[in-house]
Amino acid sequence: MLAKLKFKIEDILFKDKNFVEFENLPRIEFGEPPAHIDADLSSTWALSAAKSIKKSPLDIAKKVAKVIEEMDEIKTVSVTAPGFINIKLKDSYLVQAARDR
């Protein structure tokens, strides 16, 4: 299910007006957030994309957060310097993901 979420985020993000014009954007990868961050997933995508987009990773991360925060699976999205994207998933998504395992 995490792979489906990743592809859904990429699909939404790469069609968004803020990112559609850029080529060779990196794929979205998720990692475990640091213990002090209240999130289920963390991504350094904005840091990786900064070179192609030619904007600060923090500004990119903020735009990503606005684009994906309305997704059904996502409860909250927060951004931390220098450009980390932290995602808290809805309980209903986590329950479904556990059932699908």
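This report describes the core, the cavity, one helix and some individual residues of a predicted model.

**Core and cavity**

The largest nonpolar core of the model contains 25 residues, and Phe 19, Trp 45 and Ile 68 have the most contacts inside it. Five elements each give two or more residues to this core: the helices α1 (2-15), α2 (45-53) and α3 (57-68), and the strands β2 (74-80) and β3 (84-89). The most is given by α3, with six residues. In soluble globular proteins, nonpolar side chains tend to be buried together.

Ile 68 is in contact with Ile 9, Ile 74, Val 77 and Ile 87, when neighbours within four places in sequence are left aside.

A search of the whole structure finds one cavity of 30 Å³ or more. The space in the largest cavity is about 40 Å³. Its lining consists of Ile 9, Ile 28, Phe 30, Ser 43, Trp 45, Val 64, Ile 68, Ile 85 and Ile 87. The elements that give two or more residues to this lining are α3 and β3. By residue type, the lining has eight nonpolar residues, one polar and no charged. Trp 45 and Ile 68 are named both among the core residues with the most contacts and in the cavity lining.

**Helix α2**

The buried residues of α2 include Trp 45, Ala 46, Ala 49, Ala 50 and Ile 53. These residues lie on the same side of α2, because the arc they cover around the axis is only 135°. An α-helix has 3.6 residues a turn, so residues three or four places apart point the same way. The cover over the buried residues of α2 includes α1, β1 (41-43), α3 and β3.

Ser 48 is also in helix α2. With a relative accessibility of 43%, Ser 48 counts as partly exposed. Ser 48 and Val 95 are 47 residues apart along the chain, and their C-alpha atoms are separated by 31 Å.

**Phe 84 and Glu 73**

Phe 84 lies in strand β3. Its relative accessible area is 28%, so Phe 84 is partly exposed. Beyond four places in sequence, Phe 84 is in contact with Ser 42, Ser 43, Thr 44, Leu 47, Ala 61, Ser 78 and Val 79. For Phe 84 and Ser 42, the C-alpha to C-alpha distance is 6.8 Å, while 42 residues separate them in sequence.

Glu 73 is placed in the loop between α3 and β2. Glu 73 counts as buried because its relative accessible area is 15%, under the cut-off of 20%. Not counting residues up to four places away in sequence, Glu 73 touches Leu 5, Lys 8, Leu 89, Lys 90 and Tyr 93.

**Backbone geometry**

Most residues other than glycine have a negative phi, and most peptide bonds are trans. Asn 24 and Lys 54 have positive phi values and are not glycines. Lys 54 follows α2.

| Residue | Phi | Loop | Relative accessible area |
|---|---|---|---|
| Asn 24 | about 60° | between α1 and β1 | 71%, exposed |
| Lys 54 | near 60° | between α2 and α3 | 71%, exposed |

The peptide bond that joins Ala 81 and Pro 82 is cis, with omega about 5°. Pro 82 is in the loop between β2 and β3.

Methods: Residues numbered from 1 in each chain as written. Predicted model: local features only at pLDDT ≥ 70, side-chain atom pairs only at ≥ 80, totals over all residues. Heavy atoms only, no water. Core = buried A, V, L, I, M, F, W, Y, C linked by side-chain atoms within 4.5 Å. Buried < 20%, exposed > 50% of the residue type's maximum accessible area, 1.4 Å probe, protein only. Helix = DSSP H or I, 4+ residues; strand = E, 2+ residues; numbered from the N terminus. Contact = heavy atoms within 4.5 Å. 1 Å grid on protein atoms, 1.4 Å probe; cavity = no way out; pocket = protein on both sides within 12 Å on 5 of 7 lines; lining within 4 Å. Points joined across faces, edges and corners; volume = space filled by probe spheres on them. Nonpolar A, V, L, I, M, F, W, Y, C, P; charged D, E, K, R; others polar. Arc of directions from axis to C-beta.
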